[in-house]
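Here are a few exercises to try on a predicted model. Have a go at each one before you read its solution.

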Amino acid sequence: MLPGSAFLDSLNAGAAVPPGVDALTVRTMLDTHIIPGSSATIPGVRDVTVCCATHAGLTRSLGAFRVVRDFLRGDGAG
């Protein structure tokens with residue numbers, strides 16, 4: 001998954017999010033796997049940064065779970 005690769009170019013050829021679909025990105029500033037962190041965002045989609053989790057730690061982050069829960073409930077994104 002290298003920037004500019006044929007694989008990523010093919011993924012980016014269509015709409016990032018289909019029309020009518022609500023989306024959210026959740027990320028951490030402590031991520032050492034996704035560099036730069038801004039590449040984890042989708043233009044036009046609400047982006048929420050949670051504190052103090054690592055890349056793998058997002059799957060266990062209470063803050064990330066709350067953001068997703070609230071988004072799914074329609075309460076906003078945090």
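A nonpolar core here is a set of buried Ala, Val, Leu, Ile, Met, Phe, Trp, Tyr and Cys residues joined through side-chain atoms within 4.5 Å; buried means under 20% relative accessible area.

**Exercise 1.** Find which residues make up the largest nonpolar core.

*Solution.* Start with the members: Leu24, Val48, Val50, Ala53, Leu58, Ala64 and Val67, seven residues in all. Next, look at where they come from: β2 and α2 each supply at least two residues of this core. Then zoom in on Leu58: beyond its neighbours within four places in sequence, its contacts are Val26, Arg27, Thr28, Val50, Ala53 and Ala64.

**Exercise 2.** Check the span of α2 and sort out its sides.

*Solution.* Span comes first: at 1.5 Å a residue, the twelve residues of α2 should cover 16 Å, and the end C-alpha atoms are indeed 16 Å apart. Now pick out the buried residues, Ala64, Val67 and Asp70. Their arc around the axis is only 135°, so they sit on the same side of α2. Those buried residues pack against β1 and β2, while Leu62, Leu72 and Arg73 are exposed on the other side. Finally, check the ends: Ser61 caps the N-terminal one, with a side-chain oxygen 3.3 Å from the backbone nitrogen of Gly63, and Gly74, with a positive phi near 85°, follows the helix.

**Exercise 3.** Track down the backbone oddities in the loops.

*Solution.* Go to the loop between β1 and β2, where Pro36 lies; a cis peptide bond joins Ile35 to Pro36, with omega about -5°. Move on to the loop between β2 and α2, home of Cys52. Cys52 has a positive phi, near 75°, despite not being glycine, and is exposed at 59% relative accessible area.

How values were computed
Residues are numbered from 1 along each chain as its sequence is written. This is a predicted model: local features need pLDDT of at least 70, side-chain atom pairs count only at pLDDT 80 or more; totals for chains, interfaces and linings use all residues. Side-chain values use heavy atoms; hydrogens and water are left out. Helices (H or I, at least four residues) and strands (E, at least two) are DSSP runs, numbered from the N terminus. Buried means under 20% relative accessible area, exposed over 50%, partly exposed in between (1.4 Å probe, protein chains only). Contact means heavy atoms within 4.5 Å. The expected span of a helix is 1.5 Å times one less than its number of residues. The arc is that of the directions from the helix axis to the C-beta atoms. A polar contact is a pair of N or O atoms within 3.5 Å; within protein, one must be able to donate a hydrogen and the other to accept it, and residues adjacent in sequence count only if both atoms are side-chain atoms.
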